[in-house]
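Student: Could you take me through the part around the ligand, and then follow the chain on from there?

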Amino acid sequence: MALIDEITKRRTFAVIAHPDAGKTTLTEKLLLFGGAIHVAGAVKSNKIKKGATSDFMEIERQRGISVATSVMGFNYKDVKINILDTPGHEDFAEDTYRTLTAVDSVIIVIDGAKGVEAQTRKLMNVCRMRNTPVMVFINKLDRPCKDPFDLLDEVERELQIRVRPLAFPISSGETFKGVYNIYEKNLSLFTSDERQTADAETVDFNDISSPELDNYISPKFAEQLRENLELVEGVYDDFNRDEYLEGKLAPVFFGSAVNNFGVRELLECFIRIAPSPRPSTTESRQIEPSEQKMTGFIFKIHANMDPNHRDRIAFMKICSGTFERNKNYLHVRSGKQLKFSSPTAFMAEKKSVIDFAYPGDIVGLHDTGTFKIGDTFTEGEKLRFTGIPSFSPELFRYIENADPMKFKQLAKGVDQLMDEGVAQLFTSSLNGRKIIGTVGQLQFEVIQYRLAHEYGASCRWEPISIHKACWIESDNQEQLADFKRRKHSNMAVDKHGRDVFLADTSYALALAQENFKDIRFHFTSEF
Ligand code: G4P
């Protein structure tokens, strides 16, 4: 098959949600449709259950599961779908942010009773930075939900994106009757005992003014649906795919993932409108997926669970050309030629060695500790992909060596864990002490545990009061130097030696922004 055909048939995306909204359930139903799994419950949630925060065996077990489900590839009709899994636990949000750099689109799951929640908002901010096309699935309609129009308004307001319902629910909870699929012009009827596997009954309904509708959903609900659809047509512009592809308009679906209701409609629409691999940006030029030469970048590194093997799996997204097994590629950062004898691909739960991979595919590469997040592979061109930023962490601690005999082990362990993207390291300009920044409490425990088990090192945490870390830069060198002098005790450098301002409080940050107008404060490392 020609490269262009391989590209057009691929859809690489992630399902994102606030914990418990139904991401795992929806993913599983999508896999069932693809025939990638055959029974419900086959995809184990990779979320670390609440209350398991100090149970390290549980974390290790979950890490194992999340390797297996990192990428779930399957074919549906003529389309090759790659779902990139994201950690369910919000303490691993940074991992999720990075995964979002490797997808071409996103499906956001929202709990219809709860509406837009904190984590959804944060993830949407990341999507917005890259203009990632998003589709919204409002879930749990079998439970009493908020009013659909209120939900649509909430999505629009909270996620700052225009919406266009392509389905509309008929009531919710006890009286949930089904969904009218505006996109397909038919009615899916909900019967609550069709749990998990059965397909919903769909009735074609081009003309919803037909009195026949009353026979299916009672005259009261039929009337309400007609009014609601009229309102939809009046309030929302026609669905415009270009706007969706530009990340400006989100089509919205309603359903119940656990009942497999509304999922097929979502998937059908998804394969039709979601983008195939898009061009990628590098520092020097734009890369088209159809270029013959292979390019790709590493967006995720996963350590081996076995402490006796320090090996890791690096996940590379193919951006252009055809990736081939045993072919030499330039590892741009080191300038070395490397070839891979056993690159792996992931089809649902199975991992297998592959000979070829195409743009949009994710390849697992065996790594003995040489790779870093963001590393680029090419056929010779010295490229660096952009759009793989570090995000400003939210929690900070000093890391101290607790065993003077193991200084080297600690340094190596910290270095490798940072390359893996577990957390971020800053060095204080005031006293040279090392500060670790994370997005979740759990990561400190994971780091301590992994340093001990994988590197034989021992660390101790000490408190430091920081509200936010932001990268700073300015064209006004004088003002920058003045700022760094005055804020000396709050300055640090990141791993790459870039200046970082560690603001004690939101007030201190606001004041700094106010007083130093020529300085730009960035909340991601890429600007
Ligand atoms: P997450 O990955 O986004 O964290 O959510 P997950 O799919 O694990 O779903 C969270 C809970 O919501 C699960 O219940 C799941 O069964 C339930 N759920 C998902 N979709 C629907 C839906 O359409 N309707 C209803 N009523 N519930 C739904 P749980 O009790 O936490 O787990 P489990 O014991 O059912 O696995």
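Tutor: Sure, let's start at the ligand: 16 residues surround it, with a heavy atom within 4 Å, and the closest are Asp20, Lys23, Thr24, Thr25 and Ser256. Before we go on, this is a predicted model, where local features need pLDDT of at least 70, side-chain atom pairs count only at pLDDT 80 or more, and totals for chains, interfaces and linings use all residues. Residues are numbered from 1 along each chain as its sequence is written, and side-chain values use heavy atoms, leaving out hydrogens and water.

Now for some N or O atoms beside the ligand. In the side chain of Thr24, such an atom is 2.4 Å from a ligand oxygen. Ser256 has a polar side-chain atom 2.7 Å from an oxygen of the ligand, while Ala21 uses a backbone N or O atom, 3.4 Å from a ligand oxygen.

Lys23 and Thr24 also lead us to helix H2 (residues 23-33), whose axis comes within 10 Å of the axis of helix H9 (residues 263-273), crossing at roughly 70°. Here a helix is a DSSP run of H or I with at least four residues, numbered from the N terminus, and axes are lines fitted to C-alpha atoms over the stretch in contact, with angles from 0 to 180 degrees between N-to-C directions. H2 is therefore roughly perpendicular to H9 (65 to 115 degrees). The contact (heavy atoms within 4.5 Å) joins Leu26, Lys29, Leu30 and Phe33 of H2 to Val263, Arg264, Leu266 and Leu267 of H9.

How values were computed
A polar contact is a pair of N or O atoms within 3.5 Å; within protein, one must be able to donate a hydrogen and the other to accept it, and residues adjacent in sequence count only if both atoms are side-chain atoms. Helices (H or I, at least four residues) and strands (E, at least two) are DSSP runs, numbered from the N terminus. Angles under 35 degrees count as roughly parallel, over 145 as roughly antiparallel, 65 to 115 as roughly perpendicular and the rest as oblique.
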